[in-house]
Amino acid sequence: SLKEYPYPYLVEGADDPVQAMIQIPQNYNETTLKTALLLSADLGHRLPFENVEPDLKLYDANNLENENLIYIGRKTNLPKEYREKLTLEELDKLNNEVLIKEIEHPRNKDKRIMMILGESEEKMLMAVKSLFEDDLQLQNDSSVVWINDKTFVDENKDDEDEYLTFEELGYAPITLSGERFNSVKYDYRMPGNWQIKDGAQLYLRLRYADVINYDTSSVTVKMNEVPVFSKKLVKEGHRLDDFFVDIPDEIKNADTLSIEVSFTLDVPRDCASGSFDQNTWAFVSNDSYLYLPHEDRDKFDLENYPYPLIKDGELNNLKVLHDRGKFLNELSHAFGYIGHRLRNISNIEIIEEVPEKLDAGQYIYIGGASKDGFVSVFNDVIKLGYDENYETYRREHSNWVNVDNDSLGILQLTRGENYNIVSLTGLSEKPLKNASKYLSDFGFVGRLGGDVQVLYASGQNQIVHRTVEQNVIQDVKDRGDINTEALNRLSGAEIRQFLIFLGLLIFGSAIVVVLKKR
C-alpha cells in the first residue's frame with residue numbers, strides 16, 4: 001500500500017538511495033512540472049544528510065525504463081500503458097479529483113509505478129502534501145488514494161521552526177548496548193542566516209536499564225567537542241529521564257552544531273565469579289529536540305545555499321524560470337537538495353514565458369545566455385554579466401575569468417530591486433549539466449562561497465566575491481581538480497565508494513608486499 005511510501009522509490013541506507021525515475025508527459029503543463037519538483041523536494045526531505053538526486057525525464061513510449069517509476073500527468077495525456085491500469089470509474093473521477101495509484105510495472109513484476117494524476121493545481125499540491133506529511137501519509141493504507149474536496153490538509157499547520165526534533169533532523173531512536181562507555185553523535189548545520197538568541201537549549205529524552213549502579217553511572221553532553229553538561233543517572237530514569245541543556249554563547253554562531261551524548265553505564269559484578277548482568281543499555285529518543293530562538297541576519301552568500309530560496313524550513317516565495325524541456329534532471333536534483341531543509345511543502349511558481357521584469361520573490365534559473373532568453377531580464381544586475389550580443393562577458397569583467405565559451409558555467413547569487421535569484425548560466429549549455437552538481441551534491445555545494453562562483457569544465461572553481469560594504473571586487477582562487485567525465489558519471493555516494501575501494505586496495509597491496517618480504 002501507499003503507506004510504505006517512499007519505499008521502494010527511496011531506500012534508506014542504499015548506496016544510491018533513489019531507486020526510481022520521475023516521468024512527466026511530453027506535453028506537460030506547469031502544474032505537472034511543479035508537482036514533479038515538489039515530489040523531488042519531498043524525497044530530499046526524507047534523507048537530510050545524503051545526496052538525493054531524482055532523475056526527471058519526459059515519457060517515451062519506446063523507452064519505458066525497467067525500474068520503479070513515478071508518473072505525474074493528466075487524464076488528457078495519459079499514455080496507453082498507464083490508462084489500461086485505470087478503471088472506467090477512476091477515469092471518470094479524474095475530471096474533478098486527483099488520483100494517487102500504485103500499480104505493478106507492466107514490464108517487471110518486481111517493480112512498481114506510482115501515478116499522480118489530476119487537473120487541479122490546488123489538489124495536485126495537496127497530493128504531494130499527503131505524501132510529505134507523515135500523519136497524513138500513514139493513513140494511505142491502500143494502493144489507491146483520492147484527493148478531493150473532502151481531503152483535509154492543514155494549510156495553517158504551525159510547525160515552530162525554532163523547535164527541531166531529532167526525528168526532523170533525520171535521526172531514528174538510538175539504543176546503545178553494553179557496559180561502560182557508549183556515545184552517540186548528532187549533527188545539525190545551522191542556517192547561515194540565523195542569529196541564535198539567548199535561551200537556546202537542547203532537550204534530551206532518555207531511558208536506560210535498571211540493572212546499573214546509579215552511584216557510578218552518568219551521562220555527559222558535549223557540544224562541538226566541549227563538555228557542557230553532566231549528571232548522575234537516577235533510578236527513575238529507566239522509565240524516563242529528561243532534562244534541558246543550555247547552548248553556550250561561544251557555540252551559537254558555529255556553522256555546525258555537533259552534539260555528543262555519552263553514557264557511563266556501571267554494572268555491579270558478582271565478587272566470586274566476576275560476572276555481571278549484560279542486559280545493559282541506554283536509549284535516546286528522537287523526540288529530543290533543539291530549541292533555537294533566532295532572528296534573521298543578512299548573510300547574502302552562496303555558502304548559505306539553499307538560502308534564500310528556502311527560509312525557516314519553508315519555500316520562500318520560490319519561482320522557477322524554466323526553458324521548456326531543458327535541464328529537467330538538473331532542476332529535479334536541485335530540488336532534491338533544497339528538500340533537505342524543508343519542514344513543510346508549499347506552492348512554487350513555474351515561469352516559462354520570458355517576462356519584461358522579475359516580480360518580488362526568490363528565483364532559480366539554469367540555462368544558457370541568449371539575447372531573447374531569461375538571462376536578458378536580469379543581465380544588467382548580475383555581477384558577471386554578458387555583452388550585448390551574449391557572445392562573451394562584459395568587457396569590464398573580462399579580467400575576472402579565462403574566457404572559454406565551451407567550458408564555463410557561472411553560479412551567481414544576485415540581489416535585484418525586490419527579488420533574489422540563484423542563477424547557473426553559461427555561454428554554452430553543454431557544460432551546465434556538469435556545473436549543476438554545485439546545486440545538488442554535498443561534495444560540491446560544500447565548496448561554494450562568495451556571491452559569484454566560476455565553474456570550469458575541469459572541475460576547478462574560482463570564487464569571485466563582491467563585498468557589499470566596500471563595493472569592491474575581490475578575486476579569491478579556490479581550485480581543486482575534478483575529472484569532467486567523473487562529474488558526468490558519478491554521484492557523491494559513488495565517489496565515496498570508489499575512494500573507500502581505492503583505500504582498501506592500497507592497504508591490501510601493502511600487506512601483500514610485507515608478507516612477501518617476510
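This passage describes a helix pair, an internal cavity and some backbone features of a predicted model.

Two packed helices are described by the angle between their axes and by the distance between those axes. Helix H1 spans residues 30-46, and helix H7 spans residues 328-338. Their axes lie 7 Å apart and meet at an angle of about 40°. H1 and H7 are therefore oblique to each other. The crossing of H1 past H7 is right-handed. On the H1 side, the contact is made by Leu33, Leu37, Ser40, Ala41 and Gly44. H7 contributes Leu328, Leu331, Ser332, Phe335 and Gly336. By class, six residues of this H1–H7 contact are nonpolar and four are polar. None is charged.

Two cavities of 30 Å³ or more were found in a search of the whole structure. The second largest has a volume of about 30 Å³. Its lining consists of Leu321, His322, Asp323, Lys326, Phe327, Leu331 and Ile366. Four of these lining residues are nonpolar, one is polar and two are charged. Leu331 lines this cavity and also belongs to the H7 side of the helix contact.

Two cis peptide bonds precede prolines. One runs from Tyr5 to Pro6, with omega near 15°. Pro6 sits in the segment before strand S1 (20-24). Another runs from Tyr307 to Pro308, with omega near 10°. Pro308 is placed in the loop between strand S18 (294-296) and strand S19 (310-311).

Asp312 has a positive phi of about 55°, although this residue is not a glycine. Asp312 occupies the loop between S19 and strand S20 (314-315).

Notes: Residues numbered from 1 in each chain as written. Predicted model: local features only at pLDDT ≥ 70, side-chain atom pairs only at ≥ 80, totals over all residues. Heavy atoms only, no water. Axes fitted to C-alpha atoms, helices over the stretch in contact; angles between N-to-C directions. Helix = DSSP H or I, 4+ residues; strand = E, 2+ residues; numbered from the N terminus. Parallel < 35°, antiparallel > 145°, perpendicular 65-115°, else oblique. Left-handed = near helix turned anticlockwise from the far one by under 90°. Contact = heavy atoms within 4.5 Å. Nonpolar A, V, L, I, M, F, W, Y, C, P; charged D, E, K, R; others polar. 1 Å grid on protein atoms, 1.4 Å probe; cavity = no way out; pocket = protein on both sides within 12 Å on 5 of 7 lines; lining within 4 Å. Points joined across faces, edges and corners; volume = space filled by probe spheres on them.
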